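Please read this report with the sequence and the 3D view side by side, and look up each residue as it is named.

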Amino acid sequence: VHGGIPSTEGVTFEEIQKINRFIEPPDFGLMADLLWTDIMEEDGRKISNRGVCFAMGPDLVSQFAELNKLQLIVRSHEMKSEVYEVQKGGKAVTIFSAPNYCDHYG
């Protein structure tokens with residue numbers, strides 16, 4: 001995924017596959033969640049520190065992975081100074097894939 005998991009619990013891949021991908025991304029909803037949601041170390045859900053969508057804890061990431069029979073969620077939306085970061089619980093990893101992002105890394 002680009003960002004993260006849905007902010008609504010119980011979403012399956014079947015629902016994700018029904019998203020119209022030929023539109024401008026909306027400000028909220030399932031598509032926005034998949035694009036912009038962050039992960040965090042503490043359990044639960046909160047508004048993201050970046051002010052866009054939500055941040056999800058390892059408990060919710062594990063629930064989504066189990067429901068959809070996933071071993072790991074790989075995302076790339078967030079800048080990481082160490083190139084990658086594994087979320088507590090080991091069900092999500094963020095890989096920073098833009099080495100020249102805003103000239104911060106090079």
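## A sheet and its neighbours

Strand β4 pairs with strand β6, which spans residues 92–95, in the parallel sense and over three bridges. Here a strand is a DSSP run of type E with at least two residues, a helix is a DSSP run of type H or I with at least four residues, and both are numbered from the N terminus. Two strands are said to pair if DSSP finds at least two bridges between them. This is a predicted model, in which local features need pLDDT of at least 70 and side-chain atom pairs count only at pLDDT 80 or more, while totals for chains, interfaces and linings use all residues. Residues are numbered from 1 along each chain as its sequence is written, and side-chain values use heavy atoms, with hydrogens and water left out.

Which residue stands opposite Val-74 in β6? That residue is Val-93, and the bridge partner of Arg-75 in β6 is Thr-94. Strand β6 is also joined to β5 by three bridges, and these two strands run antiparallel; in this pair, Tyr-84 has Ile-95 of β6 as its bridge partner. Strands β5 and β6 form a hairpin with five residues between them, and Gly-89 in the turn has a positive phi of about 100°.

Taken together, these strands make an open sheet of three strands in the order β4-β6-β5, with mixed pairing. Because β4 (73–75) and β5 (84–86) stand at the edges, each with a single partner strand, one side of each is left without a neighbour in the sheet. Neighbouring strands of this sheet are turned by 15° against each other on average, direction ignored, where the axes are lines fitted to C-alpha atoms, for helices over the stretch in contact, and angles run from 0 to 180 degrees between N-to-C directions. In general, strands of a sheet pair through backbone hydrogen bonds, either parallel or antiparallel.

A second open sheet of three strands has the order β1-β3-β2, again with mixed pairing. Strands β1 and β2 are at its edges with a single partner strand each, so one side of each has no neighbour in the sheet. Strands β2 and β3 pair in the antiparallel sense over three bridges, and Lys-46 stands opposite Ala-55 in β3.

## Helix α3 and what covers it

In helix α3 (residues 58–67), the residues Pro-58, Leu-60, Val-61, Phe-64 and Ala-65 are buried, where buried means under 20% relative accessible area, exposed means over 50%, and partly exposed lies in between (1.4 Å probe, protein chains only). These residues cover an arc of only 165° around the axis, which puts them on the same side of α3; the arc is that of the directions from the helix axis to the C-beta atoms. What covers the buried residues of α3 includes α1 (13–17), β1 (38–39), β2 (45–47), β3 (54–56), β4 and β6, with contact meaning heavy atoms within 4.5 Å.

Helix α3 is followed by Lys-69, whose phi is near 55°, a positive value in a residue other than glycine. Most residues other than glycine have a negative phi.

## Three loop residues

The table compares where three residues lie and how accessible they are.

| Residue | Loop | Relative accessibility | Class |
|---|---|---|---|
| Cys-53 | between β2 and β3 | 14% | buried |
| Lys-69 | between α3 and β4 | 74% | exposed |
| Ser-81 | between β4 and β5 | 52% | exposed |

Cys-53 touches Ala-32, Asp-33, Trp-36, Thr-37, Ile-47 and Ser-48, not counting residues up to four places away in sequence. Cys-53 and Ser-7 are 46 residues apart in sequence and 8.3 Å apart in space, C-alpha to C-alpha. For Ser-81 and Arg-45, which are 36 residues apart along the chain, the separation of the C-alpha atoms is 24 Å.

## The chain as a whole

The chain has three helices and six strands, and from the N terminus on its elements run α-α-β-β-β-α-β-β-β. Its C-alpha atoms fill a box of roughly 40 × 35 × 25 Å, taken along the principal axes. Buried residues make up 36% of the 106 residues in the chain. Among contacts between residues at least 6 apart in sequence, 46% join residues at least 24 apart.
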